[in-house]
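Visitor: Got a minute to go through this one with me? I'd like to start with the core.

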Amino acid sequence: MSKRGQRGFTLIELLVGLTLLGLVVVALSGGLRIGLMGTDRVTTRASQLDQLRGVQAFLRERIAAARPIRWTDDRGGSVIAFDGRAGRLAFVADLPAYPDVGGLYKLVVEREGTDLVLARTLTEGRVPGFDGVSATRDVIARDIGVVRFSYFGRADRGEPMWHDTWTAAQSLPDLVRIELGAARTDGAIWPAIVIAPRLGEQPR
């Protein structure tokens, strides 16, 4: 066999090969890093969606059970026990042994920092107002950046429409819409939920 047939790699060929190998390793490590980042984003998004579904189910059940109890206001008139604002919702509903003593409760749902909080106070339903409803506070969702409520119904004998507030009214709203957004996203709002309080007007 000739010496030409036994010739190995030259130094230049070896350097070129090592350079190409280095480029391949860099490309693979970069792809792996991007893949891991994508997996983290998917996992975070899935966790947020799981939280969203849980919060929506909880609020749907509570608001659907809102009681149309009537209170006497400061002027001696009769108003429904419901105080809905853009960033805060207060109403009266039955809580069946949640999480300890079941019964009729005054409930307030609002955001505190990045927590969505449910404040509750056991009530007989006779004392009007939601001031001081803070006997027990439960965090029902964390990392919440946006909470927005709106209310559909006929207010002041007008046409049914969406309102930013529903206070001192004569009836429960026909629908309650809730929009939630995570604090650690680009500000996008999750899909809104619309809930219809299912209990009718109580007899006086």
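**Core and contacts**

Guide: The largest nonpolar core has 34 residues. Those with the most contacts inside it are L59, F82, F91, L116 and I178. A nonpolar core here is a set of buried Ala, Val, Leu, Ile, Met, Phe, Trp, Tyr and Cys residues joined through side-chain atoms within 4.5 Å. Buried means under 20% relative accessible area, exposed over 50%, partly exposed in between (1.4 Å probe, protein chains only).

Visitor: What kind of model is it, and how are residues numbered?

Guide: It is a predicted model: local features need pLDDT of at least 70, side-chain atom pairs count only at pLDDT 80 or more, and totals for chains, interfaces and linings use all residues. Residues are numbered from 1 along each chain as its sequence is written, and side-chain values use heavy atoms, with hydrogens and water left out.

Visitor: Back to that core. Which element gives the most to it?

Guide: Helix α1 does, with six residues. At least two residues each come from α1 (11–64), β4 (88–95), β5 (103–112), β6 (115–122), β7 (136–141), β8, β10 (175–182) and β11 (193–195). Helices (H or I, at least four residues) and strands (E, at least two) are DSSP runs, numbered from the N terminus.

Visitor: And what does I178 touch?

Guide: Leaving out residues up to four places away in sequence, I178 touches L59, I63, R148, F149, A192, I193 and I195. Contact means heavy atoms within 4.5 Å.

Visitor: Which residues does the second core include?

Guide: That separate core has eleven residues, including I69, V79, V92 and L104.

Visitor: Overall fold, then. How many helices and strands?

Guide: One helix and eleven strands. In sequence order the pattern is α-β-β-β-β-β-β-β-β-β-β-β. Of the chain's 204 residues, 33% count as buried.

Visitor: Q56 caught my eye. Buried or exposed?

Guide: Q56 is buried, at 15% relative accessible area. Its place is in helix α1. Apart from neighbours within four places in sequence, Q56 is in contact with P191 and I193.

Visitor: Switching to rings. How many aromatic pairs?

Guide: Three. Rings of Phe, Tyr and Trp (its six-membered ring) pair if their centres lie within 6.5 Å; planes under 30 degrees apart count as stacked, over 60 as edge-to-face and the rest as tilted. In one of the pairs, F82 and Y151 have ring centres 5.9 Å apart and planes at 90°, so that pair is edge-to-face.

Visitor: Where do those two sit in the chain?

Guide: F82 is in strand β3 (residues 82–84) and Y151 in strand β8 (residues 144–153). They are 69 residues apart, so the pair links distant parts of the chain. F82 is buried at 2% relative accessible area, and Y151 is buried at 0%.

Visitor: Which charges lie over ring faces?

Guide: R62 lies over the face of F58, at 5.3 Å from the ring centre. R177 lies over the face of W162, at 4.2 Å from the ring centre. The test: NZ of Lys or CZ of Arg within 6 Å of the ring centre and within 35 degrees of the ring normal.

Visitor: Last topic, strand pairing. How do β4 and β5 pair?

Guide: In the antiparallel sense, over eight bridges. Two strands pair if DSSP finds at least two bridges between them. F91 has L107 in β5 as its bridge partner.

Visitor: What stands opposite L107 in β6?

Guide: R120 does. β5 and β6 are also antiparallel, over eight bridges. Their hairpin has two residues between the strands, and G113 there takes a positive phi near 65°.
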